[in-house]
Amino acid sequence: MGEEKLPKVLVLGPPTCFSTLQPLYSHKFNFLDLKTSGLPLHQFLISHRHHPSTIPAIFCSAAYSITADVLGLFPSLRLVVTSSVGTEHIDLHECRRRGIQVAGAGGVLSEDVADAAVALLITVMRKVTAADRYVRTQDRSDAWDFPLGYKLSGKRVGIVGLGNIGMEVAKRLESFDCIISYHSRHKKTTIAYPFYSNVVDLATSSEALVVCCALNNQTQHIINRDVLLALGKQGFIVNVGRGGHIDEKQLVKCLIEGEIGGAGLDVFENEPHVNEEFFTMDNVVLSPHSAAFTVEATLSLSELVAGNLEAFFLNKPLISPVKLVE
Ligand SMILES: O=CC(=O)O
């Protein structure tokens, strides 16, 4: 079929996923990619708006806000597929109002994100990146004098958000003999881990916190100064959720004042801008929102995205639909 006859999909997706998706599926879909267009976002959207009846689907990453204004540009739009687990960048109410279906990453990234969360935790507690810098830069004539790290095995770890990712984190930490407890919107009747309805209480009884919940009005700054102080001077925090979960100003302050032990951060409040104060801190480990970025996860994600697009164009149920949680 000529490209022009294939269903059009506007691509605002992550280049890593799209570069896998495109060669495998460009015989099925006519991908209109922002990046290869060379246009700034607004101009790209406007350029496709000129043929409003022809854009039934958008594929996007969490870096693009699919607002009511964007949705309004494409009256024929019926599907938004995001490459992310988090859906805070999509106006789900407006999608529902316009009869637009939404598909997300479902559970295909959970193991990779959980691996990364544990990696950040062990890296910051055992000072792995600081040790690497030390070996590379220390004066060879000196005896080694590297500060002690903290043991992860057996620690009390609080998980903030016990969804797919949180459960995978818990599973991994159990093999380190960690004692798991959690906070989430509701107590889970099928889970035996102790539940804390209050995050300060969870922090008080934990030596490390791993944040992996969804970002919404209830979880914005769920980690505030009180939580950090409750976690304490030898407490560690890892965030693989969203930057907005942590009050970053307070985190920086607590790190400077020695009120917490350290932080492993994959996400930041003003991404891609990162507060430069972190760069000078040896008890902070940073990664560029890459917790889900593995070759394997990217391939699974590309297949899932294509599966959702195919299901949609065949009028079948989506594989990983996103439900609006009120
Ligand atoms: O941040 C990545 C995701 O939400 O999948």
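Trainee: Over residues 118-291, how far apart are the end C-alpha atoms?

Mentor: This is a predicted model. UniProt lists residues 118-291, in an unreviewed entry, as "domain: D-isomer specific 2-hydroxyacid dehydrogenase NAD-binding". The chain over that span is 29% helix and 14% strand, and its end C-alpha atoms are apart by 10 Å.

Trainee: What share of residues 57-322 is helix, and what share is strand?

Mentor: That span carries the UniProt feature "domain: D-isomer specific 2-hydroxyacid dehydrogenase catalytic", also from an unreviewed entry. Its end C-alpha atoms lie 15 Å apart. The composition is 34% helix and 14% strand.

Trainee: How far apart do the C-alpha centres of domain 1 and domain 2 lie?

Mentor: The domain assignment gives domain 1 as 3-106 + 295-313 and domain 2 as 110-286. Between them, 7 residues of domain 1 are in contact with 5 residues of domain 2. The C-alpha centres of the two domains are separated by 33 Å.

Trainee: Which residues have the most contacts inside the largest nonpolar core?

Mentor: That core has 53 residues. Helix α6 (residues 110-125) supplies the largest share, 9 residues. Both domain 1 and domain 2 contribute at least three residues each. The residues with the most contacts inside the core are F31, L121, L173 and L309.

Trainee: Which residues are in contact with F31, leaving aside its neighbours within four places in sequence?

Mentor: One of them is L309, which is itself among the residues with the most contacts inside the core. Others come from helix α1 (residues 15-25), where F18, L21 and Y25 are buried. The full list for F31 is V9, V11, F18, L21, Q22, Y25, S26 and L309.

Trainee: Is L309 buried or exposed?

Mentor: L309 lies in helix α12 (residues 295-313). Leaving aside neighbours within four places in sequence, L309 is in contact with V9, F29, F31, A57, L79 and V81. Its C-alpha atom is 9.6 Å from that of K28, although the two residues are 281 residues apart along the chain. Because its relative accessibility is 0%, L309 counts as buried.

Trainee: Why do the buried residues of α1 line one face of the helix?

Mentor: The buried residues in question are C17, F18, L21 and Y25. What covers them includes β1 (8-12), β2 (30-33), β3 (57-60) and α12. They line one face because, seen down the axis of α1, they fall within an arc of 90°.

Trainee: Which residues does the second, separate core include?

Mentor: This core has 26 residues. One of its members is L251, a buried residue of helix α11 (residues 248-256). The core includes V211, I237, L251 and M281.

Trainee: Within what arc do the buried residues of α11 fall?

Mentor: E248, L251, V252, C254 and L255 are buried in this helix. They pack against α10 (225-231), β9 (236-239), β10 (262-265) and β11 (284-286). They line one face, because down the axis of α11 they fall within an arc of 165°.

Trainee: Which exposed residues are carried on the face of α11 turned away from its buried side?

Mentor: The buried side of α11 holds E248, L251, V252, C254 and L255. After the helix comes G258, with a positive phi near 70°. The face turned away from the buried side carries K249 and I256.

Trainee: Does D247 count as buried or exposed?

Mentor: D247 lies in the loop between β9 and α11. Not counting residues up to four places away in sequence, D247 touches H221, I223, N224 and E269. E269 is 22 residues away in sequence and 8.0 Å away in space, C-alpha to C-alpha. Buried means under 20% relative accessible area, so at 18% relative accessibility D247 counts as buried.

Trainee: How many disulfides does the count come to?

Mentor: A disulfide is a covalent bond between the sulfur atoms of two cysteines. The cut-off for the pair of sulfur atoms is within 2.5 Å. The sulfur of C95 is 9.0 Å from the closest cysteine sulfur, in C60, which is too far for a bond. The count comes to 0 disulfides.

Trainee: What is the relative accessible area of C95?

Mentor: C60, which is in no disulfide, counts as buried at 0% relative accessibility. C95 is buried as well. Its relative accessible area is 1%.

Key: Residues are numbered from 1 along each chain as its sequence is written. This is a predicted model: local features need pLDDT of at least 70, side-chain atom pairs count only at pLDDT 80 or more; totals for chains, interfaces and linings use all residues. Side-chain values use heavy atoms; hydrogens and water are left out. UniProt positions are given in the numbering used here, feature names are shortened, and annotations may be inferred rather than shown by experiment. Helices (H or I, at least four residues) and strands (E, at least two) are DSSP runs, numbered from the N terminus. Buried means under 20% relative accessible area, exposed over 50%, partly exposed in between (1.4 Å probe, protein chains only). A nonpolar core is a set of buried Ala, Val, Leu, Ile, Met, Phe, Trp, Tyr and Cys residues joined through side-chain atoms within 4.5 Å. Domain bounds come from an automatic or database domain assignment. Contact means heavy atoms within 4.5 Å. The arc is that of the directions from the helix axis to the C-beta atoms.
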